[in-house]
2 protein chains.
Amino acid sequence: MNKLHNVAKLKTDNRYIILDCLRHIRLSRAELSRMTGLAKSSVTTITNEMISQGILCEAGLAEKSNKAGRTRVLLEINGDFGFAAGINLHRKRISAAVTDISGEIIFDFYAYPADFSSTEEAVSCIIEELNRKIKENGLDTSRMVGIGVSSPGPLDYEKGIILEPPNFPLFNNFAIVRYLESEYGCPVFLENNAVASALFEHYYVSRQEGSTLFVTVSDGIGGALLQNGKIYRGSHGAAGELGHISVDPEGELCECGNRGCLEQYATLSALKNRFGFESYNEIADLFGNGDSKAEKVIEFLVNTLSGALVGAVNLFDLDRIILYGEYNYKCEILTERIEKYINTHSVICKAHRVEVVPSGQSPECASAAAAVPALNNFFRYNTTH
Amino acid sequence: MNKLHNVAKLKTDNRYIILDCLRHIRLSRAELSRMTGLAKSSVTTITNEMISQGILCEAGLAEKSNKAGRTRVLLEINGDFGFAAGINLHRKRISAAVTDISGEIIFDFYAYPADFSSTEEAVSCIIEELNRKIKENGLDTSRMVGIGVSSPGPLDYEKGIILEPPNFPLFNNFAIVRYLESEYGCPVFLENNAVASALFEHYYVSRQEGSTLFVTVSDGIGGALLQNGKIYRGSHGAAGELGHISVDPEGELCECGNRGCLEQYATLSALKNRFGFESYNEIADLFGNGDSKAEKVIEFLVNTLSGALVGAVNLFDLDRIILYGEYNYKCEILTERIEKYINTHSVICKAHRVEVVPSGQSPECASAAAAVPALNNFFRYNTTH
DNA sequence: ATTAATTAGTTTTAGTCGTGAACTAATTAT
DNA sequence: ATAATTAGTTCACGACTAAAACTAATTAAT
């Protein structure tokens, strides 16, 4: 069913549009009016209300433009208003961060699944550390606008439960949302790893229109699909996951039931098993020197990734692919070659070139990325409740 | 940029929501209120306005329910208000239809590309025939709310131009939207074949929530992706097209640059070339009798289609696949087997079963399907302009 | 220096929307 | 007959955005 619109929704929508414009830049009321299409007077009303609430603040004048007219007064999101926490659950490393509502990271810390013998122990340890650091930084949990948790799938989004991600028993079937909500009394969001990072890339690294597939390479190979900044989730939030796209129908049987899945070839561990090397960075370095083994590894990696990605490009009608994760080091070695492959092997590329680029975020951003759904929720609903 | 919401948009949105509910069923005001979440009083205001405009009409009382309370007064879309035309351009057969705004087909007719030597000849012939039939049926073009044209891609949606679909030179680079708009003075919409049929299926055959891939098999193999009835288009309107998904990386080189594309195996002509038979219906009949050649053909067809569809299921996180076109006859032979294949070869199926079903529409619906975008536009914007 | 032109931002007034409460209308169960 | 229940309408109201007229602050021209 379509979404109902009443006057209250009008207000929250327009307020969100303005906050969204201000996510990572400072803008004047006049600029906001031009960008959003809202009347100047409406922008004044809305922004002044948000200033009196403490969500926005004036941030001085813009530099003089050498044009006639009054100088613009810049507005920005007031980081002091509050903060959000993000927790990234990962098979090897759990990371957590607190960012203010303008997206600025205030602190972060790490924990390791291997150090815990039970879910309860892990969770209570993270919560304790989080609480201590919050105090340490002079913050008060009453100002916490939300918590985001990102985790490998499968997840039950509606119930907020981590189901049974492969090789990740620590949080199996744990209702993390309910747990954290009753602990902190603020809204908690569970989100797929890849989706969280894709949103972080969009809002805080480089905002792009059009159709983007954000590909994450880690223990598995995941993905998230962004259309003009909006996640396309599919039926159960798994759209964009390309780990089980077959790149060889006669390949080995995968646990998913298919043969020759991308994950059987292109994860770091699969690559190490097949070619027997120690460090990918070393391979990337050797590749530059024309080392023949490194060339084989890279060629194999490019071909398998490209094979799966061509399918995704055709089905999603993509504008660009962003590569994130394991192969971050000298990533252009891959992206240049994958881009070339895709633009000679897909129907789409007859209409427009598909771009393949490395992600602009470091692995350290994963916990801040987890906070993004909580920030989004705050931006959308702050005025009503 | 996000969509701006003002009071006028509120009105058109809520009006559209109500019309959308009434597309193919009659409902009372009370039912509309419950379905949409709009207050009873709002539904009264909106529906009474549309009744006075002639878009809706009261359609008698509902059967008595044996429950206490006043009997419901049913509302329906008033077919007499106006009509839309749909033109389906196809390599073998051009079809056109006029439906009233309730989606009822008033008349349709056919023309054949082979009979025309130029674009102008084809277009003017279709327009003449359309005008004659409109008069014949006592209609007046002043009541035409819009025209939809569906065509094989690639298309330029924004400019309303048919680009250069393979093997379809008759309309190459023809600006059909501009032409028809100046001819009729009503809004004209150009839409991909598969998208138009997918929308028709959703609105007028069987409405389904969730994530659906509508697959069309004809000269080529196309597709359209529906998420809760909304088309996901991708960057240039080509999302869902699975004709060039590779089902054999070592297969023959395709003109798209890839190897072993689905279209090289699973179209009717490809199948005829490979197995040398005359009629697919005959194969389907023989298959029931255990004929070994028919079994080979069906097995091949099932495997190639399934191979590509598993990829689509994984990437789109689909709930169901609808099969439309060439293999309509005894289609369950295919759908049952493809469904079984998919549900043993995709990651998604661990979370939920994927359904594969034949389309409920006959090939004759293609022209009515072309009219759907015009009807949608009318439903959305009728009150403002 | 003064004035006109230009851009930014505010205030005031007006018009429209959906809502909720109180109402009428029509039906069934008792 | 009367109460209970459901459908549909009327009307006063609050909330929102917009347009127009305003003030504020700057540059360019004279």
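Chain A has an accessible surface of about 16800 Å², and carbon and sulfur atoms account for 48% of that area. The structure described here is a predicted model.

**Chain A**

The secondary structure of chain A comprises 12 helices and 15 strands. Of its 385 residues, 55% count as buried. For a chain of 385 residues, a compact globule would have a radius of gyration near 21 Å; the value for chain A is 23 Å, which agrees. Contacts were also considered by sequence separation: of those in chain A between residues at least 6 apart, 60% join residues at least 24 apart. Chain A carries 37 positive and 47 negative charges, and the mean positions of these two sets lie 8 Å apart.

The extents of the C-alpha trace are listed below.

| Principal axis of chain A | Approximate span of the C-alpha trace |
|---|---|
| One axis | about 65 Å |
| Another axis | about 55 Å |
| Remaining axis | about 45 Å |

**Helix H1 of chain B**

Helix H1 of chain B runs over residues 7–21. At 1.5 Å a residue, its 15 residues should span 21 Å, and the end C-alpha atoms are 22 Å apart, so the expected and modelled values agree. Because 11 of the 15 residues of H1(B) are buried, this helix is largely enclosed by the rest of the structure. A residue counts as buried when its relative accessible area is under 20%. The buried set in H1(B) includes B:Asp13, B:Arg15 and B:Asp20. Also buried in this helix are B:Leu10, B:Ile17, B:Ile18 and B:Leu19, together with B:Thr12, B:Asn14, B:Tyr16 and B:Cys21.

Notes:
Residues are numbered from 1 along each chain as its sequence is written. Chains are lettered from A and ligands numbered from 1 in the order in which they are written. This is a predicted model: local features need pLDDT of at least 70, side-chain atom pairs count only at pLDDT 80 or more; totals for chains, interfaces and linings use all residues. Side-chain values use heavy atoms; hydrogens and water are left out. Helices (H or I, at least four residues) and strands (E, at least two) are DSSP runs, numbered from the N terminus. The radius of gyration is taken over C-alpha atoms; the globule rule is 2.2 Å times the number of residues to the power 0.38. Buried means under 20% relative accessible area, exposed over 50%, partly exposed in between (1.4 Å probe, protein chains only). Contact means heavy atoms within 4.5 Å. Accessible areas come from the Shrake-Rupley method with a 1.4 Å probe; for residues, only the protein chains shown count as cover. Lys and Arg count as positive and Asp and Glu as negative; His and the chain ends are not counted. The place of a charge is taken as NZ of Lys, CZ of Arg, CG of Asp or CD of Glu. The expected span of a helix is 1.5 Å times one less than its number of residues.
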